[in-house]
Amino acid sequence: LKQILIDADTGIDDSIAILFALKRPDVRVMGVTTGFGNTTARQAAENSLRLIRLAGAPYEVPVAVGATEPLAGNWKGPDPHIHGPNGIGGVELPPSPQQPLEEPAWAFIARMAREHPGELTLVTLARMTNLAKALEIEPDLPRLLKRVVFMGGTFHAPGNVSPVAEANIAGDPEAADRVFQAGFDLTMVGLDVTQKVRLTTDHVAILDKYAAPENRPIVDYLKQALPFYFRFNRLQNNCLDHCPVHDPLAMLAAVDPSVVTVRTIPARVECGGSLPGMVVADLREHPIEAPGVSICVDVDSRRALEELLTTFMA
Ligand code: RIB
Ligand code: CA
């Protein structure tokens, strides 16, 4: 059983990643922590609690609220035009009786890592602020966590918030750079691969047709939430009824690394200048002294979609 901690800014694509992890029989979700990004950290926690209830998880999944702004303290606010007024396309899911923990996200991550040394994979689907703060209070975290798999950054593909930067890294470059330097077993699932995997309206129709009866509420939710995300991608990126699969692919790569091809390269994150958040991978023969990051450079896109979608089917 893969024991996974999820850190998310629970928007539409995060929600698919969370539901997928909750439904995979070989995964146990040990907790969800939230941060600012697609929505506020508190709303992301509310969304996560409702999604956990929607999935009918047969065990309790603790949820902890985390960072409300980047380390440098300059958050511009949520992205309601991308993920809707509440982060999940305006869909009103039934509330959960469960409350978030009193403990902040970073304290929860550090505590869980100490309680389960070498066992947990942390999958970050948002800014790395919570992880950077956890590292501050537990410097041994790179040894205590088995792996960190993150959705973010780009190696050769164009950025999505600047020509060279992706939102999760550009949203807190200082946090990302601390994580890059810390010595984690670190896998980057960036735009090079997430832009290659495309979810279409046809896929949603197939899901609708073959949904397992117990997953009907999940599929009904996706049918309501995804049109919002398709609309944004049509207006912003000229996508005709399709969208990239960012966070769900990171989750899949954590669960089944065989869907991606990686290259391990020393890398840092640009924190200053006019293009902050650029991942600078050093391809020289004698590169900078920085830990190697396993950068996903290719993906079996057909198999990724099949694995993601059949998880919800009968
Ligand atoms: O750039 C895509 C990433 O930014 C995804 O994680 C999305 O949910 C947003 O956080
Ligand atoms: Ca996200």
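The buried residues of helix H11 are covered by elements that include H1, helix H2 (41-55), helix H3 (80-83), strand S7, helix H10 (201-210) and strand S8 (242-244), and I would like to start from that helix and work outwards. What we are looking at is a predicted model, in which local features need pLDDT of at least 70 and side-chain atom pairs count only at pLDDT 80 or more, while totals for chains, interfaces and linings use all residues. Residues are numbered from 1 along each chain as its sequence is written, chains are lettered from A and ligands numbered from 1 in the order in which they are written, and side-chain values use heavy atoms, with hydrogens and water left out. Helices (H or I, at least four residues) and strands (E, at least two) are DSSP runs, numbered from the N terminus.

H11 has 22 residues and reaches 30 Å from its first C-alpha to its last, close to the 32 Å expected at 1.5 Å a residue, where the expected span is 1.5 Å times one less than the number of residues. Shortly before the proline Pro227 there is a kink of about 30 degrees at Ala225, the bend being the angle between axes fitted to the seven residues ending there and the seven starting there. After the helix comes Asn238, whose phi is positive, near 55 degrees.

Which residues of H11 are buried? Among them are Ile218, Val219, Tyr221, Leu222, Leu226 and Phe230, and buried here means under 20% relative accessible area, with exposed over 50% and partly exposed in between (1.4 Å probe, protein chains only). In soluble globular proteins, nonpolar side chains tend to be buried together.

That brings me to the largest nonpolar core, a term for a set of buried Ala, Val, Leu, Ile, Met, Phe, Trp, Tyr and Cys residues joined through side-chain atoms within 4.5 Å. It holds 70 residues, of which Ile6, Val29, Leu125, Tyr221, Leu226, Leu249 and Met251 touch the most other members, and helix H11 (residues 216-237) gives the most to this core, with nine residues. A second, separate core of 35 residues includes Ala113, Leu122, Ala176 and Ala267.

Leaving aside neighbours within four places in sequence, Leu226 is in contact (heavy atoms within 4.5 Å) with Ile12, Ile16, Leu199 and Val204. On the same basis, Leu54, which is found in helix H2, is in contact with Leu19, Leu93, Pro217, Ile218 and Tyr221, and Leu54 counts as buried because its relative accessibility is 15%. Thr200, in strand S7 (residues 198-200), touches Phe230, Asp241 and His242, again not counting residues up to four places away; Thr200 and His242 are 42 residues apart in sequence but 4.2 Å apart in space, C-alpha to C-alpha.

Finally, the metal site. Which protein donors does the calcium ion (ligand 2) have? They are Asp9 (OD), Asp14 (OD), Asp14 (OD), Leu125 (O) and Asp247 (OD), lying 2.2 to 2.7 Å from the ion, where donors are N, O and S atoms within 2.8 Å of the metal (3.2 Å for Na, K and Ca), and water is not among the atoms, so sites may look incomplete. The site links distant parts of the chain, with Asp14 in helix H1 and Leu125 in the loop between strand S4 (120-124) and helix H5 (129-137), 111 residues apart. Asp14 is buried, with a relative accessible area of 0%, and Leu125 is buried, also with 0%.
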